2 protein chains.
Amino acid sequence: MDKIELSNTYRRYIGCLNAQDWARLGQFVHDQARHNGRPFGLSGYREMLERDFNQIPDLHFNIALLVCDPPFVASRLDFNCTPRGEFLGLPVNGKRVSFSENVFYRLRDGKIEEVWSVIDKAAIEAQL
Amino acid sequence: MDKIELSNTYRRYIGCLNAQDWARLGQFVHDQARHNGRPFGLSGYREMLERDFNQIPDLHFNIALLVCDPPFVASRLDFNCTPRGEFLGLPVNGKRVSFSENVFYRLRDGKIEEVWSVIDKAAIEAQL
């Protein structure tokens, strides 16, 4: 998969998340996927995303920066949303917050196999 | 600057930081550099780094992942160090902590012009 294909695949993956089209998630996420060291597999990865959308009904992934160098993708994702209750251990309770996630992915066979994600928790704290 | 040159330049930049060779910082950082939206310039950028090393005497930058696509660099940096006193608002007080920073850079004229950095504060909290 070359750089252009990788970029297109990643954009389709983000589209799949925003559509909450979980039936298609397996087109983008490997059966053996790991997320921040956790061996989620495809099913655990899907559960994480479903939990995220349950906690943040207006969750939307916006690609701010995309850097591709096969087999790696690095993306800066921007969020502007209203998490219910506690989010990342913070009492957000439906307040609108803006924050970013800087995240790396390694793909295998055209699918996300490993994810290293950091969410800007300090930015959220500063808005509460 | 092609991908290989960009990667080599970035590795030399990290070497410059680890050597605290501030006289050479201007080879890698643009006069108009911005860091997380703050218009630091080269002098403010240097002051930020000097403050970091003052607060964390055993600070060392370790490149865990490097993704280059000119003019962008994305890097995952790993740290294992003992910050003095408060760090990111957390009472670390000399305890050894391990954490990562996922960071994007845009270069211009071969120098870092803009930085978007997120440090994994939640990982540090979990170790206190």
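**Exercise 1. The hairpin of chain A**

Task: In this predicted model, find how many residues lie between β6(A) and β7(A) in their hairpin, and which residue in the turn has a positive phi.

Solution:
- Step 1. Locate the strands. β7 of chain A covers residues 111-119, and β6 of chain A covers residues 97-108.
- Step 2. Look at the turn. The hairpin has 2 residues between β6(A) and β7(A). A:D109 sits in this turn with a positive phi of about 55°.
- Step 3. Check the pairing. The two strands are antiparallel and share 8 bridges.
- Step 4. Pick out one pair. A:L107 has A:I112 in β7(A) as its bridge partner.

**Exercise 2. The other side of β6(A)**

Task: State how many bridges join β3 to β6 in chain A, and in which sense the strands run.

Solution:
- Step 1. Take β3 of chain A, residues 72-81. Its link to β6(A) is antiparallel and counts 10 bridges.
- Step 2. Place two residues. A:C81 faces A:V97 of β6(A). A:A74 faces A:F104 of β6(A).
- Step 3. Turn to chain B. There, 10 bridges again connect β3(B) and β6(B), antiparallel. B:A74 stands opposite B:F104 in β6(B).

**Exercise 3. The whole sheet**

Task: Give the strand order of the sheet in chain A. Then explain why β1 and β2 of chain A each have one side without a neighbour in the sheet.

Solution:
- Step 1. Read the order. The open sheet of chain A has 5 strands, β1-β7-β6-β3-β2, with mixed pairing.
- Step 2. Find the edges. β1 (29-35) and β2 (62-69) of chain A each have a single partner strand, so one side of each lacks a neighbour in the sheet.
- Step 3. Add the twist. From one strand to the next, it averages 20°.
- Step 4. Repeat for chain B. Its open sheet also has 5 strands in the order β1-β7-β6-β3-β2, again mixed. β1 and β2 of chain B are the edge strands, pairing on one side only.

**Exercise 4. The helix on the sheet**

Task: Which strands does helix α1 of chain A lie across, and at about what angle does the helix run to β2(A)?

Solution:
- Step 1. Helix α1 of chain A spans residues 3-18. It lies across β2, β3, β6 and β7 of chain A.
- Step 2. The angle to β2(A) is about 150°.
- Step 3. In chain B, helix α1 (residues 3-18) lies across β2, β3 and β6. Its angle to β2(B) is about 150°.

**Exercise 5. The two chains together**

Task: Find the rotation that superposes chain B on chain A, and name the kind of axis.

Solution:
- Step 1. Superpose the copies. A rotation of 180° does it, with 0.0 Å of shift along the axis and an RMSD of 0.0 Å.
- Step 2. Name the relation. This is a two-fold axis.
- Step 3. Compare the surfaces. Both copies use the same surface: 100% of the contact residues of chain B recur in chain A.
- Step 4. Find the residue of chain B closest to the axis. B:N102 is the one, with its C-alpha at 2.9 Å.
- Step 5. Count the contact. Chain A gives 18 residues and chain B gives 18 residues. On the side of chain B, β2, β3, β6, β7 and α3 (121-125) each give two or more residues.
- Step 6. Sort that side of chain B by class. There are 11 nonpolar, 5 charged and 2 polar residues.

**Exercise 6. Confidence**

Task: What average pLDDT does chain A have, and what ipTM does the complex have?

Solution:
- Step 1. Chain A averages 97, and 100% of the residues score at least 70.
- Step 2. For the complex, the predictor gives an ipTM of 0.96 and a pTM of 0.97.

Terms used. Residues are numbered from 1 along each chain as its sequence is written. Chains are lettered from A and ligands numbered from 1 in the order in which they are written. This is a predicted model: local features need pLDDT of at least 70, side-chain atom pairs count only at pLDDT 80 or more; totals for chains, interfaces and linings use all residues. Two residues are in contact if their C-beta atoms, placed from the backbone, lie within 7 Å. Helices (H or I, at least four residues) and strands (E, at least two) are DSSP runs, numbered from the N terminus. Ala, Val, Leu, Ile, Met, Phe, Trp, Tyr, Cys and Pro count as nonpolar, Asp, Glu, Lys and Arg as charged, and the others, Gly among them, as polar. Copies are superposed by least squares on the C-alpha atoms of residues with pLDDT of at least 70 in both. Two strands pair if DSSP finds at least two bridges between them. Axes are lines fitted to C-alpha atoms, for helices over the stretch in contact, and angles run from 0 to 180 degrees between N-to-C directions. pLDDT is the predictor's confidence in each residue, from 0 to 100.
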